[in-house]
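This briefing introduces the ligand site of one protein model to a reader who has not met the structure before. Please keep the sequence and the structure in view while reading.

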Amino acid sequence: PSLEYELLRRRVQSNVGELWNYFSSELGKLRKRVAPTQAELAQDINEVLQLGAEHKRSLLNDIDRLRQVDGYEAWRHREARDLSDLMQRRLHFLQNPKDCANARKLVCKLNKGCGYGCQLHHVVYCFIVAYATERTMILKSRGWRYHKSGWEEVFQPVSETCLEADAAHASNWPGRHDMPVLVLPIIDSLMPRPPYLPLAIPEDLSPRLKRLHGDPIVWWIGQFLKYLLRPQKGTLDFLEAGRAKLGFKRPIVGVHVRRTDKVGTEAAFHPIEEYMTHVEDYFLTLEINGTTVPRRIFLASDDARAIEEARNKYPQYEIIGDPEVARMAAVSTRYTDTALNGIILDIHLLSLSDYLVCTFSSQVCRMAYEIMQTLYPDAAHRFKSLDDIYYYGGQNSHNREVVIEHAARNHEEIHMKAGDLVGVAGNHWDGYSKGKNTRTNQVGLFPSFKVVDKVETVKLPLYEQVQP
Ligand code: GDP
């Protein structure tokens, strides 16, 4: 398929969602303004909302079927497999230098003072820097807060041949190109900041990635996780057993409810009903042509009550989840060996789900979403976030390019000309996004459908020694 066809197909798909977000939100606002004496009007609005939602589901279902029958589906699968193979072979090459003693190295310390998702994202950032600077990444993981004896007991070592760096010759970032060992700080303290940090993707892969994938940066991050998370035998057995014990099977929607320490500090509280509305919508979309799909969700949380509450309120759903795992995930017991199994299993099962409903403010769900990209040619649209759009902690600015001009209609909106770049802060999921027009420095709301994502590309080593 041509690049233009694939971009348009995906744009239609996401803008059907945006169109419905807009109308349902506006109609919801109108309904609130209806006086108590006008019950009939409120009822009419409800009916428009109901049939409108069916319209949207029918369209989304058709667009998905269009993809399946347009003749390019086999190509998508082949291309996804080839690109992933290429990336995995490059990473293997980087991590297994012929002459370890003389290979240049980058030291990464796993034990950043934060949760599992945050620590893994820290390692991925190190790995990207290693890839960009052609240094073998040395992962220091002794004393890991989730598993004291280190990474290698849980996941396969990041190298088969080269696991130590000569501490006596280590220098701090940025150092010089010829220095044998560099130690990398956390992304927030990185000075200077190189251009290849997320959300940039490598220029050499970019034409293929843009054609294949709806959000190439998520694919790119997912490939590093794919390499890192190759499980040890014990972990693999545990994941298989956990999956069987819970009775996890597809079709299933993965729901992640992040509560405890996150609520009120980094994210807002969202009631279970809000998650379930989107779950229901997903199933109704699958069922629009008359098929029946069993209502099944996998629910992961750091609050066992979320699982219990969902089971009480939604008896028509099969709710797979382990309140015991959620209890272990609470702040007081979180950083232990026992809790580690729980978070690995939860992220694994979330990533295996057909669709994710969660808050992207949490690194747990973002990570599940990233891993999900390694399981489909393009799973960019398989999520509903109740808060943030996708981001990577410490990322460079995220720009969207204006494709349809916009004249602000009130003091909250911004003016936009075709070609302007808008630094996007978030999507309000009501048809509008918020951002800053980099041409005018004006900050405010704009209709989400009037922009397209600007994929940042950067020149990176070509790894020509690795056969394409
Ligand atoms: P964030 O704080 O939500 O952005 O994600 P982090 O992964 O950085 O830190 C949160 C930590 O809380 C996780 O790493 C887990 O230890 C724990 N946690 C949060 N949600 C869950 C969950 O759904 N299941 C399990 N098992 N643990 C969780």
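The points below describe the ligand, its contacts and the pocket that holds it. The model is predicted. In it, 21 residues surround the ligand, and the space that the ligand takes is the second largest pocket.

**Shell around the ligand**

- Gly117, Tyr146, Arg258, Asp346 and Ser362 are the closest of the surrounding residues.
- By type, the shell consists of eight nonpolar, eight polar and five charged residues.

**Contacts with ligand oxygen atoms**

- The side chain of histidine 256 places an N or O atom 3.1 Å from an oxygen atom of the ligand.
- Serine 301 contributes a backbone N or O atom, 3.0 Å from a ligand oxygen atom.
- For glutamine 363, a backbone N or O atom is 2.8 Å from an oxygen atom of the ligand.
- On its own the ligand has 550 Å² of accessible area, and the protein covers 96% of it.
- Two or more shell residues come from each of helix H4 (116–133), strand E7 (296–301), helix H11 (337–352) and helix H12 (363–372).

**The second largest pocket**

- This pocket contains about 610 Å³ of space.
- Its lining has 31 residues, of which Gly115, Tyr116, Arg258, Arg334 and Val364 are the closest to the centre.
- At least two lining residues are supplied by each of H4, E7, helix H10 (323–328), H11 and H12.
- H11 gives the largest share of the lining, with four residues.
- The lining divides into 13 nonpolar, ten polar and eight charged residues.

Notes. Residues are numbered from 1 along each chain as its sequence is written. This is a predicted model: local features need pLDDT of at least 70, side-chain atom pairs count only at pLDDT 80 or more; totals for chains, interfaces and linings use all residues. Side-chain values use heavy atoms; hydrogens and water are left out. A residue is near a molecule or strand if one of its heavy atoms lies within 4 Å of it. A polar contact is a pair of N or O atoms within 3.5 Å; within protein, one must be able to donate a hydrogen and the other to accept it, and residues adjacent in sequence count only if both atoms are side-chain atoms. Accessible areas come from the Shrake-Rupley method with a 1.4 Å probe; for residues, only the protein chains shown count as cover. On a 1 Å grid over the protein atoms alone, a cavity is a set of points where a 1.4 Å probe fits but cannot get out, and a pocket is an open set with protein on both sides within 12 Å along at least five of seven lines; lining residues have an atom within 4 Å of a point. A molecule sits in a cavity or pocket if more than half of its atoms lie within 2 Å of its grid points. Ala, Val, Leu, Ile, Met, Phe, Trp, Tyr, Cys and Pro count as nonpolar, Asp, Glu, Lys and Arg as charged, and the others, Gly among them, as polar. Grid points are joined across faces, edges and corners, and a volume is the space filled by probe spheres set on the points.
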